[in-house]
Amino acid sequence: MTKSLTDINSSIDIRTCGINLDHWYVVAQSLEVTSEPLEVVVWEQSIVLYRDEQKKIQAIENSCPHRQVKLSSGKIIGNDLECAYHGWRFNSEGKCIFIPYLNDRNKLPNCQITSYLAWESDGFIWVFLGDPKELQRTSGQPLKIPEWGHLNYIATVSIIECQGHFSFLIENLMDMYHGHLHENYQAWNSAKLVKLTSNEKRVDALYEIKSYYKIDKIWSIFQLFFPRLRQLHSDLLQVNYIYPHWMSTLGDDFKIYCLLCPINNNHTRAYLIHFTSLNAFERLHKLPIWFRRWIKNSLFGSAQKMLDGLVKQDIFMIEQEQQAYSNDIRQQAYEINPTISQVQKIIKKQFQLYENN
Ligand code: FES
Ligand SMILES: [Fe+2]
C-alpha cells in the first residue's frame, strides 16, 4: 500500500538531498559493457562492471583491498577480475581468490569487497546498491521498457551529462511549461496542466498541449527534418516521475524515458530514450518480421538531432540553475507549477526512507 507524502523533514535542502539507494539505477548501455572492465559511478560509489564468460554482467566495488587502486585498470581472467598492480584476483562475489606470489607459508588474506546486483534488460545495465532485503520488499525488478524490443517502435538514445543536482533535471522533465525553451526542436506548445496526482513513489501529471508532430502517414518521419510539415493539433502529454526515473507519453505517437544515474550532488547522468511509434501503419505490421526488424534497426537514431538539440538546451538551463544555487544557497525560487512541489516532496521522502532504514 502506498503512503501519503506526510512527515517530510523540512530542513532537507532539495538541492543537496541524497538519493534512495534501495532502487535500481542505470549505469551503462548494454553495448558499453564487454569483457574489459568498465568504471561507472553512482552517487560517489565507484563500481567496476564486466561480462563474465557466460556474458553475464558482474558489478563489484572498484577498489582493490590490497592498496585501494581501481580494479577497473585491471583485466578479466575467465570469470574473475585481476588487479593491474600486483595481480591479485577477485571473483564476482568480491572475494580474493588468487595472489600470484603467494608462497607456502602465506594464506590468502580474508579480504572481501562489495559485489552488487546487476541486471541487463532492454539495452541497459542496471545496478542495485541498496539492501537486497529491501529489493524483495520494494521495487523488485527495474523499470520495464517494452518499446525497446517492440518492432513498432523506433528508438533514439541521447545521454544527458549535466553539472547539476538530479532534482533540477527531474523538475525540468516534469514542468512542461518549459517547451518555451525549445524553439525549433519544440514538439509541443500551449501546455496546460489538467491533472496531478502523487504518492511517495511517483508523481503523475497530465497536460493538454498543442503537438507539432503526428505519425499517421508514411512520410511523417520527414516532419523531423522539415518544420513546415508539422501541423499543430490538440493532444495529451502525460509525464510520470516514477522514483528515481521518468517517462512521458505524447499522444499516440511518442514515448520517452529518462533513466537516471546521479553521479554526485552536482553531477547527473541520465539516458534519454525516445520512441516513435509505427502503430498507425497496419500494412507495415503484416510484413515479414525480418523486414520489420530491418526497418526498426535502420531507423534507430532517426530523432538524434532533435533529441540532442533538446538535451543541449535543457542542460544549458539546468547548469545555470545549479550555478546560481552554488553562488547563493539562500536564493529563493518562485514556483507556480504545483508539479514541482510534489516532485520535491518525493525526492525528500525517498531520501528520508533510505536514511531511516
Ligand atoms: S593494489 Fe591490487 S593487487 Fe596490489
Ligand atoms: Fe526540455
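The legends below accompany close-up views of a predicted model.

**View 1. The open sheet of seven strands.** In this predicted model, seven strands form an open sheet in the order E11-E17-E16-E15-E14-E13-E12, and their pairing is antiparallel. The edges are taken by strand E11 (153-162) and strand E12 (188-198), each of which has a single partner strand, so one side of each is left without a neighbour in the sheet. From one strand to the next the twist averages 15 degrees. At the E11 edge, strand E17 (residues 267-277) runs antiparallel to E11 and is joined to it by 10 bridges, and within this pair Glu 161 has Arg 269 of E17 as its bridge partner. Helix H6 (residues 338-355) packs on the sheet, where it touches E12, E13 and E14, and its direction makes about 45 degrees with that of E12.

**View 2. Strands E13, E14 and E15 within the sheet of seven strands.** Strand E13 (residues 202-211) pairs with strand E14 (residues 233-242) in the antiparallel sense, and 10 bridges are found between them; among the pairs is that of Ser 211 with His 233 in E14. E14 also pairs with strand E15 (residues 245-250), again in the antiparallel sense, over six bridges. Tyr 241 stands opposite Trp 246 of E15, and the connection from E14 to E15 is a hairpin through two residues.

**View 3. The surroundings of Lys 210.** Lys 210 belongs to strand E13. With 16 other C-beta atoms within 10 Å, Lys 210 is partly exposed, because a residue counts as buried at 20 or more such atoms and as exposed at 12 or fewer. When its neighbours within four places in sequence are left aside, the contacts of Lys 210 are Trp 188, Asn 189, Ser 190, Leu 232, His 233 and Ser 234. Leu 272 lies 62 residues from Lys 210 along the chain, and the C-alpha atoms of these two residues are separated by 22 Å.

**View 4. Helix H2 against helix H5.** Helix H2 (residues 166-174) and helix H5 (residues 304-327) have axes that come within 10 Å and cross at roughly 135 degrees. This angle makes H2 oblique to H5, and the crossing in which H2 passes H5 is right-handed. On the H2 side the contact is made by Phe 168, Leu 169 and Asn 172, and on the H5 side by Asp 314, Met 317, Ile 318, Glu 321 and Gln 322. By class, the residues of this contact of H2 with H5 are four nonpolar, two polar and two charged.

**View 5. Helix H2 against helix H6, and the cover of H2.** The axes of H2 and H6 also come within 10 Å, and they cross at roughly 145 degrees in a right-handed crossing. Ser 167, Ile 170, Glu 171 and Met 174 of H2 meet Thr 339, Ile 340, Val 343, Gln 344 and Ile 347 of H6 in this contact. The contact of H2 with H6 holds five nonpolar, three polar and one charged residues. H2 is mostly covered, with nine of its nine residues buried; the buried residues include Phe 166 and Leu 173, as well as Glu 171 and Asn 172.

**View 6. Met 176 in the loop between H2 and E12.** The loop between H2 and E12 holds Met 176, a residue that is buried, with 24 other C-beta atoms within 10 Å. Residues up to four places away in sequence not being counted, Met 176 touches Ala 191, Tyr 207, Ile 209, Leu 237 and Val 239. Thr 339, which is 163 residues away from Met 176 along the chain, has its C-alpha atom separated by 9.7 Å from that of Met 176; Thr 339 is also among the H6 residues in the contact with H2.

**View 7. The open sheet of six strands.** A further open sheet has six strands in the order E1-E10-E9-E4-E3-E2, with antiparallel pairing. Strand E1 (24-29) and strand E2 (38-42) are at its edges with a single partner strand each, so one side of each is left without a neighbour in the sheet. Neighbouring strands of this sheet are, on average and with direction ignored, turned by 35 degrees against each other. At the E2 edge, five bridges join E2 to strand E3 (residues 45-51), and the two strands run antiparallel; Val 41 has Ser 46 in E3 as its bridge partner.

Conventions:
Residues numbered from 1 in each chain as written. Chains lettered and ligands numbered in written order. Predicted model: local features only at pLDDT ≥ 70, side-chain atom pairs only at ≥ 80, totals over all residues. Pairing = 2+ DSSP bridges. Helix = DSSP H or I, 4+ residues; strand = E, 2+ residues; numbered from the N terminus. Axes fitted to C-alpha atoms, helices over the stretch in contact; angles between N-to-C directions. Contact = placed C-beta atoms within 7 Å. Parallel < 35°, antiparallel > 145°, perpendicular 65-115°, else oblique. Left-handed = near helix turned anticlockwise from the far one by under 90°. Nonpolar A, V, L, I, M, F, W, Y, C, P; charged D, E, K, R; others polar.
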